[in-house]
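Please examine the sequence and the three-dimensional structure shown below before reading on. The explanation is intended to be followed with both in view.

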Amino acid sequence: MSLIHIGEKKVEHYNGLIIRADTHSHEHIAAKVKDLLPSGGKILDLGCGQGALSARLKDMGYDVTAVDTNPADFLCKTVPFVQVNFNHANEVDAFLAKYANFFDLVIGIEVIEHVHNHWEYVETLKKTVKPQGFILISTPNITSWVSRLFFLFKAEFHQFQPEDLDYGHINPIAWHQLKYIIEQKKLKVVGFYPVGTLPVIWLRPSLKWMLVQALALLVRPFQRRAHLEGWSLMVVAQKT
């Protein structure tokens, strides 16, 4: 957990590919993957964007397959790409028929908040992973300290405000809801982990933000500690 951050965040890249996740998120995710899976394991990056995380994991020695709906957006040259439109049932069925119980680890980074049905999404990930394999999901943390303050004053979760709908943040999910879905799908929850950069003290050149930061520090001792940290929240589950 970062204690202090100064200034605005900058867009990050990996080998020229845009990282569409919060600052240091891919580094945190890659470290967790390394803990879970030996080099050479088969990984599915479901919702890969330009392929920044796929490329990073490939460079770490993993056998990566990248999946998304738009092949024109995928710019990574070192990882095979599979196009699947998950709003089309026939494409999903064809994909699952080929890759059922195939991967050692399946990753869905900042995807579940974009889909209409959380339950179907988790079921899709479950079907593609081998028995004893792992599922790794991350999503904006709506129980973080900043999201709690947003909801207190605006009745809106952080990263799920009206302007966020246009780029697909349509379906927020809290950690306890995600835990319930995973357990109902007969998966074992390994753990929840903070992802990205959300420091205890964040100094930005904005009087309004500094007032918010001051209030956050005042109320922090009285807030429930569960998943207070993390711009995003990552859950690791295992198919037992």
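The paragraphs that follow treat the sheet, the elements around it, a pair of helices and three individual residues.

The coordinates belong to a predicted model. A suitable place to begin is the sheet, which is open and consists of seven strands in the order β6-β5-β4-β7-β8-β11-β9. The pairing within this sheet is mixed. Strands β6 (81-83) and β9 (188-195) occupy the edges and have a single partner strand each, so one side of each is left without a neighbour in the sheet. From one strand to the next, the twist averages 20°.

Within this order, the parallel pairings can be followed from β4 to β8. Strand β4 (residues 42-46) pairs with β7 in the parallel sense over three bridges. Leu 44 stands opposite Val 106 in β7, and Asp 45 has Ile 107 of β7 as its bridge partner. Strand β7 (residues 103-109) in turn pairs with β8, again in the parallel sense, over six bridges. Here the bridge partner of Gly 108 is Ile 137 in β8, while that of Ile 109 is Ser 138 in β8. The connection between these two strands deserves attention as well: β7, helix α4 (residues 118-128) and β8 make up a β-α-β unit that is right-handed.

On passing from β8 to β11, the reader meets an antiparallel pairing. Strand β11 (residues 232-238) and β8 run antiparallel and are joined by seven bridges. In this pairing, Leu 136 is positioned opposite Val 236 in β11.

How many residues of β7 are buried? Seven of its seven residues are, so β7 is largely enclosed by the rest of the structure. For strand β8 (residues 129-140) the count is nine of twelve residues buried, and β8 is therefore also largely enclosed by the rest of the structure. The criterion behind both statements is a relative accessible area under 20%.

Two helices may next be placed against the sheet. Helix α1 (residues 25-36) lies across β4, β7, β8, β9 and β11, and runs at about 150° to β9. Helix α6 (residues 175-184) lies across β8, β9 and β11, and its direction makes an angle of about 155° with β9.

A further packing arrangement involves two helices. Two packed helices are described by the angle between their axes and the distance between the axes. For helix α5 (residues 145-154) and helix α7 (residues 207-219), the axes come within 11 Å and cross at roughly 105°. Angles of 65 to 115 degrees count as roughly perpendicular, and α5 and α7 are therefore roughly perpendicular to each other. On the α5 side, the contact is made by Trp 145, Val 146, Leu 149 and Phe 153; on the α7 side, it is made by Trp 209, Val 212, Gln 213, Leu 215, Ala 216 and Val 219. Classified by residue type, this contact of α5 with α7 has nine nonpolar residues, one polar residue and no charged residues.

Three individual residues complete the description. Val 122 is found in helix α4. With a relative accessible area of 1%, Val 122 is buried. Beyond its neighbours within four places in sequence, Val 122 is in contact with Ile 112, Ile 137, Ile 181, Lys 185 and Leu 187. Ile 137 was encountered above as the bridge partner of Gly 108. The C-alpha atoms of Val 122 and Leu 178 are 9.2 Å apart, with 56 residues separating the two along the chain.

Ser 144 lies in the loop between β8 and α5. Is Ser 144 buried or exposed? Its relative accessible area is 1%, so Ser 144 is buried. When neighbours within four places in sequence are left aside, the contacts of Ser 144 are with Leu 198, His 227, Leu 228 and Gly 230.

Val 190, finally, is found in strand β9, one of the edge strands of the sheet. Its relative accessibility is 36%, so Val 190 counts as partly exposed. Outside its neighbours within four places in sequence, Val 190 is in contact with Phe 134, Val 236, Ala 237 and Gln 238. Val 236 is the residue of β11 opposite which Leu 136 stands. Between the C-alpha atoms of Val 190 and His 26 the separation is 19 Å, the two residues being 164 residues apart along the chain.

Technical notes: Residues numbered from 1 in each chain as written. Predicted model: local features only at pLDDT ≥ 70, side-chain atom pairs only at ≥ 80, totals over all residues. Heavy atoms only, no water. Axes fitted to C-alpha atoms, helices over the stretch in contact; angles between N-to-C directions. Helix = DSSP H or I, 4+ residues; strand = E, 2+ residues; numbered from the N terminus. Parallel < 35°, antiparallel > 145°, perpendicular 65-115°, else oblique. Contact = heavy atoms within 4.5 Å. Nonpolar A, V, L, I, M, F, W, Y, C, P; charged D, E, K, R; others polar. Buried < 20%, exposed > 50% of the residue type's maximum accessible area, 1.4 Å probe, protein only. Pairing = 2+ DSSP bridges. Right-handed = clockwise from strand over helix to strand, strands pointing away.
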